[in-house]
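Biologist: I'd like a close look at one single part of this model rather than a tour of everything. Could you pick a strand and walk me through its surroundings?

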Amino acid sequence: MNKDSSKILVVEDLVKYYGAGENLVRAVDHTNLEIERGKFTAVVGRSGSGKSTLLHLIGGLDRPDEGKVWIEGKDIFALKDERLAEFRRKKIGFVFQDFNLIPSLNVWENIVLPLGLGGRKVKREDVEEVLEKIGLMDKKETMPNALSGGQKQRTAIARALVTRPAIILADEPTGNLDSQTELEVMSLLKSCVADMGQTLVMITHDEMIAQMADRMVEIEDGKVVNY
């Protein structure tokens, strides 16, 4: 099935329920969404609205009960688990609120980890370009426990950028940062994504951060209600 090439992500009638009977939770409830290539989209909504579940489905971290997710024209849930994992490594970059750095690896090693897992050669100049953009060249041999919260999140962003993915998915990436560091990290993330021509989809509860996006999508009770 061919998809509009300007739409890097297409979500079709996506459903994910948990529980049953009175305990049924419609986390994602027949949701449709299209994301344009090269744009920064903020996904907003109250706690429990289904934002994180939707992001996990878009990223292939969980499988839906019904519906489809297309990334660059590929129906990702038509792939078996092993092929889906391979697709994720090549095409999707993830940035999480809690950084998810490996404590026994330094900044450089954390950043190049996805390249190694994907069997791709580490090109020093490419990694150094990302380190320069993210402002961590002088920290490349530093261990995570010696980094500030902002430096940890910048390392996580660099790790997501280094594979040159088609799309970057960020789940409350500034949730553990103070307001000043939050703005610095977001400005850096937005400029890096723009410079590298990448697409960013980010969950946030912060109205000020959402206003930095090209477009805002609102989720309520598992449905897209405004976009």
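Modeller: Sure. One term before we start: two strands count as paired if DSSP finds at least two bridges between them. Bear in mind, too, that this is a predicted model.

Let's take strand β7, residues 167–171. 5 of its 5 residues are buried, so the strand is largely enclosed by the rest of the structure. That goes for both faces: I167, L169 and D171 are buried on one side, and I168 and A170 on the other.

Now for the neighbours. Strand β6 (residues 92–96) runs parallel to β7 and is joined to it by 5 bridges; within that pairing, F94 has L169 of β7 as its bridge partner. Strand β8 (residues 199–203) also pairs with β7 in the parallel sense, over 5 bridges, and here I168 is partnered with L200 of β8. To get from β7 to β8 the chain passes through helix α6 (residues 179–195), making a right-handed β-α-β crossover.

L200 is worth following a bit further. Leaving out residues up to four places away in sequence, L200 touches K39, F40, T41, I168, A170, L189 and V193. L200 is also among the residues with the most contacts inside the largest nonpolar core, which has 39 residues, alongside V127, I134 and L161. Elements that each supply at least two residues of this core include β7, α6 and β8, and α6 gives the most, with 6 residues. Apart from that core lies another, of 30 residues, and I167 of our strand is among them, as are I8, L9 and L57.

Conventions. Residues numbered from 1 in each chain as written. Predicted model: local features only at pLDDT ≥ 70, side-chain atom pairs only at ≥ 80, totals over all residues. Heavy atoms only, no water. Buried < 20%, exposed > 50% of the residue type's maximum accessible area, 1.4 Å probe, protein only. Helix = DSSP H or I, 4+ residues; strand = E, 2+ residues; numbered from the N terminus. Right-handed = clockwise from strand over helix to strand, strands pointing away. Core = buried A, V, L, I, M, F, W, Y, C linked by side-chain atoms within 4.5 Å. Contact = heavy atoms within 4.5 Å.
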